[in-house]
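Load the model and keep the selection panel at hand. This tour goes stop by stop.

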Amino acid sequence: MLLSDVIGQEKLKQQLVDMVQHQRLSHAMLFVGPEGSGALPLAIAFAQYIVSMPNATDSVPDLFGGPAAVAAAPAAVLSPSEIATLPSYHRASQLMHPDLHFSFPAITEKPGQKNISANFIEEWREFINGYPYGNVFDWLQFIKAENKQGNISADECSEIIKKLSFKSFESTYKVLVMWMPEYLGKEGNKLLKLIEEPPDNTIFILVAGSEENILPTIQSRCQMIRVPRLSKVEIETALIEKGRIEAGKAAQVALMADGNYREALHLLQHSDADFLSQIREWLNAILKNGPVAQMKWVDDMSKMGREPQKQFLKYFNHLLEQSIRLKILGADLPLDPDLKDFALRINKIAGVGQMEAMIEELDKAVYYIERNANAKMLFMAMGIKFYHIIQNKSLILN
């Protein structure tokens, strides 16, 4: 993909191009961005840009600004749009360029097999082509990991060292894109010397969701590139242009997605679900209709899949956030009429503190659903907590 294919992040794209154009590239970069921000597609597009540079013997630019770049007149550096016409970019765009390497969490499919990324390279190409904004859970589901934990193994680290010790085949530069370095354990220390003193014209691009779980020894050797959340306008525009979504629906989904394009796509998948009616039925069961009605609601909800359950919880979370905004900013806030009417009704039964307590419980529930919590027990417990939060104004529950 080209940098222009990546959603939003225009300022960051220009910053990356300037680093190349002014020959001030680092040997190791760490892209850190929250889920759905596009850190992975941005890193891949940037890597494809670098390896697609023409390898003309006398005019290869030194992107690192080394002595050769200082001693001689700077070589011309092609722009991302100019790269698109080259045969080398065609190979890079298919993730088949011989100097573009990938490392990512993988699993061992059968006993005795090495856990290395190369075993899943075909699946990786298909995944990036179809789900570039997917997260690691999506990836492990895609390769049918089931209950296996993905990781970047010691064998994979040895494979990286081996691959990068060879000379480049076609491009001037060899680029390794490592997705989710958080999945590197102590075996990642095997890569320290390689990252600190890489072979000539070798570039590491690490892509992480959070810097907290990355080995500090690796983090300290990389230039940090922070990828911010997407704006509402960027997501809305992408949904209209890429997804052919009607403008009104795109605006509503973009508002709920909170800067996460993956979340926006998942919300669209469940946009036909009448979450508002389900929330109304649940609150009536909790506050008016009693345990029998609540048990029936919980039973129906538990039969839904894990993903619809998560989307329901996130929708309820969004509804409460809008209710708080209405309470603080006033009723003139532009919202979908049905959502606004229901948010105003919630404001009559709960204050800001109570709604914040409910949001906290909803966030915890999403976390537990992702980790295979028993849905019946989870929703029943939440119903009891919501009753106490609303009726008894108990904001802290043990």
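**Stop 1: helix H6**

Select helix H6 and colour Glu122, Glu126 and Asn129: these three are exposed, on the other side of H6 from its buried residues. A word on the source before going further: this is a predicted model.

Now add Trp124, Phe127 and Ile128. They are buried, within the helix that runs over residues 121-130. Why do they fall on the same side of H6? Their directions around the axis cover an arc of only 95°, which puts them on the same side.

Next, show what the buried residues of H6 pack against. Two helices are on the list: H2 (39-51) and H7 (136-142). Two strands are on it as well: S2 (100-103) and S3 (174-179).

**Stop 2: the second largest pocket**

Keep H6 and H7 on screen and add helix H13 (261-269). Each of the three supplies at least two residues of the lining of the second largest pocket. Which of them gives the most? H13 does, with 6 residues.

The volume of this pocket is about 570 Å³. To centre the view, pick Gly130, Tyr131, Pro132, Tyr133 and Leu265, the closest to the pocket centre of the 25 residues that line it. Then colour the lining by residue class: 14 are nonpolar, 6 polar and 5 charged.

**Stop 3: lysine 13**

Move to helix H1 (residues 10-21) and select lysine 13 there. Is this lysine buried or exposed? Its relative accessibility is 6%, so it counts as buried; the cut-off for buried is under 20%.

Turn on distances from its side chain. A polar atom of the lysine 13 side chain lies 2.6 Å from the backbone oxygen of valine 6. The backbone oxygen of leucine 3 is 3.0 Å from a polar atom of that side chain.

Then show the neighbours. Leaving out residues up to four places away in sequence, lysine 13 touches Leu3, Ser4, Val6, Gly8 and Leu42.

**Stop 4: the whole chain**

Zoom out and switch to cartoon. The protein chain has 19 helices and 5 strands. Along the principal axes, its C-alpha atoms fill a box of roughly 80 × 50 × 35 Å.

Colour by burial: 49% of the 398 residues count as buried. Last, draw the contacts between residues at least 6 apart in sequence. Of these, 76% join residues at least 24 apart.

Note on methods:
Residues numbered from 1 in each chain as written. Predicted model: local features only at pLDDT ≥ 70, side-chain atom pairs only at ≥ 80, totals over all residues. Heavy atoms only, no water. Buried < 20%, exposed > 50% of the residue type's maximum accessible area, 1.4 Å probe, protein only. Helix = DSSP H or I, 4+ residues; strand = E, 2+ residues; numbered from the N terminus. Arc of directions from axis to C-beta. Contact = heavy atoms within 4.5 Å. Polar contact = N/O pair within 3.5 Å; in protein donor to acceptor, adjacent residues only side chain to side chain. 1 Å grid on protein atoms, 1.4 Å probe; cavity = no way out; pocket = protein on both sides within 12 Å on 5 of 7 lines; lining within 4 Å. Points joined across faces, edges and corners; volume = space filled by probe spheres on them. Nonpolar A, V, L, I, M, F, W, Y, C, P; charged D, E, K, R; others polar.
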